[in-house]
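Subject: Structure handover

Hi,

Here's the structure I promised to pass on. Have a look at it first, and then read my notes underneath.

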Amino acid sequence: MLRRLISLYARYAAAHMDVTLPRQSITDQTGEVIGYVDATRLHAGRLRVTGWVRAARLRLMLAGAEVSGAPTLRREDVATALGLPPTLGFDLSVPASPAILRNSEAPGLIVTPLPGAAEVDPLSLPAALPRRHRARLILGFARAVTRSLPAMVGLALTGDPVHRARCPRWWAWR
């Protein structure tokens, strides 16, 4: 029963997790700032990293999952302020449940510099779920289970589809 409850909490947390972590600069080995990670967001079971950088390519990695791309999104605000081309933005996303974040190394962002530019050290991104967000998830889970307990018990005892419709989507009876 405890294993089932832990599994249900993991599904609940993946569906309801929503936290944006602090901004972080991207610097090359000479110390020059070549971009910023504007937001690292944990939401709906994914880690999404957005920002801008003067580089050829980026690669986001977490627990064996990786995605890469070139900074091609338009960032007129940065281009105007710094006198750079407007296509500096990036938006990368990989799967990230609370269990993955807890049991793996911190996600990494690897930046491939433009030709002739200084190398960029891999960037370790903050991805630990802050304590207050974990507490909010646990309280929300307890509240959701308590509210839907009559429907869950009714479904377990009778198998009536009326009760299934009243159970939350993250509660999967198999």
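Let's begin in strand β8, where Gly89 is the bridge partner of Trp52. Gly89 of β8 is also the bridge partner of Leu73.

Before I go on, some housekeeping. This is a predicted model, so please keep in mind that local features need pLDDT of at least 70 and side-chain atom pairs count only at pLDDT 80 or more, while totals for chains, interfaces and linings use all residues. Residues are numbered from 1 along each chain as its sequence is written, and side-chain values use heavy atoms, with hydrogens and water left out.

Now the strands around β8. Helices (H or I, at least four residues) and strands (E, at least two) are DSSP runs, numbered from the N terminus, and two strands count as paired if DSSP finds at least two bridges between them. As a reminder, strands of a sheet pair through backbone hydrogen bonds, either parallel or antiparallel. Strand β8 covers residues 87-95 and pairs with β4 in the antiparallel sense, over 7 bridges. Another bridge between a β4 residue and β8 has Arg48 with Ser93 as its partner. Strand β7 (residues 73-74) pairs with β8 too, again antiparallel, over 2 bridges.

On to β3 and β4. These two run antiparallel and are joined by 8 bridges; Ala39, for instance, has Thr50 in β4 as its bridge partner. They form a hairpin with 2 residues between the strands, and Ala44 takes a positive phi near 50° there. Ala44 sits in the loop between β3 (33-43) and β4 (46-53), and it isn't a glycine, in spite of that phi. How open is the spot? Ala44 counts as partly exposed because its relative accessibility is 44% (buried means under 20% relative accessible area, exposed over 50%, partly exposed in between, with a 1.4 Å probe and protein chains only).

There's a second alanine worth a click. Ala63 has a positive phi of about 50° as well, and it is not a glycine either. You'll find Ala63 in the loop between β5 (57-62) and β6 (65-69). At 53% relative accessibility, Ala63 counts as exposed.

β5 and β6 also belong to an open sheet of 4 strands, ordered β6-β5-β9-β10, with antiparallel pairing. Its edge strands are β6 and β10 (123-124), each of which pairs on one side only. Strand β9 (residues 108-112) pairs with β10 over 2 bridges, in the antiparallel sense, and Gly108 stands opposite Ser124 of β10.

Next, the aromatics. Searching the whole structure turns up 3 aromatic pairs (rings of Phe, Tyr and Trp, the last by its six-membered ring, pair if their centres lie within 6.5 Å; planes under 30 degrees apart count as stacked, over 60 as edge-to-face and the rest as tilted). One of them is Tyr36 with Trp52: the ring centres are 6.1 Å apart and the planes are at 50°, so this pair is tilted. The pair links distant parts of the chain, with Tyr36 in strand β3 and Trp52 in strand β4, 16 residues apart. Are the two buried or exposed? Tyr36 is partly exposed, with a relative accessible area of 26%, whereas Trp52 is buried, at 6%.

Tyr36 has company from a charged side chain, too: Arg23 lies over its face, at 4.0 Å from the ring centre (a charge sits over a ring if NZ of Lys or CZ of Arg is within 6 Å of the ring centre and within 35 degrees of the ring normal). Elsewhere, ring pairs link Tyr9, Tyr12 and Phe141 into a cluster.

Last stop, the helices. Leu2 is in helix α1 (residues 2-16) and counts as exposed, at 59% relative accessibility. By contrast, Ala151, in helix α4 (residues 131-158), counts as buried, at 8% relative accessibility. The C-alpha atoms of Ala151 and Cys167 are 6.0 Å apart in space, while the two residues are 16 apart in sequence.

That's my tour; shout if anything is unclear.

Cheers
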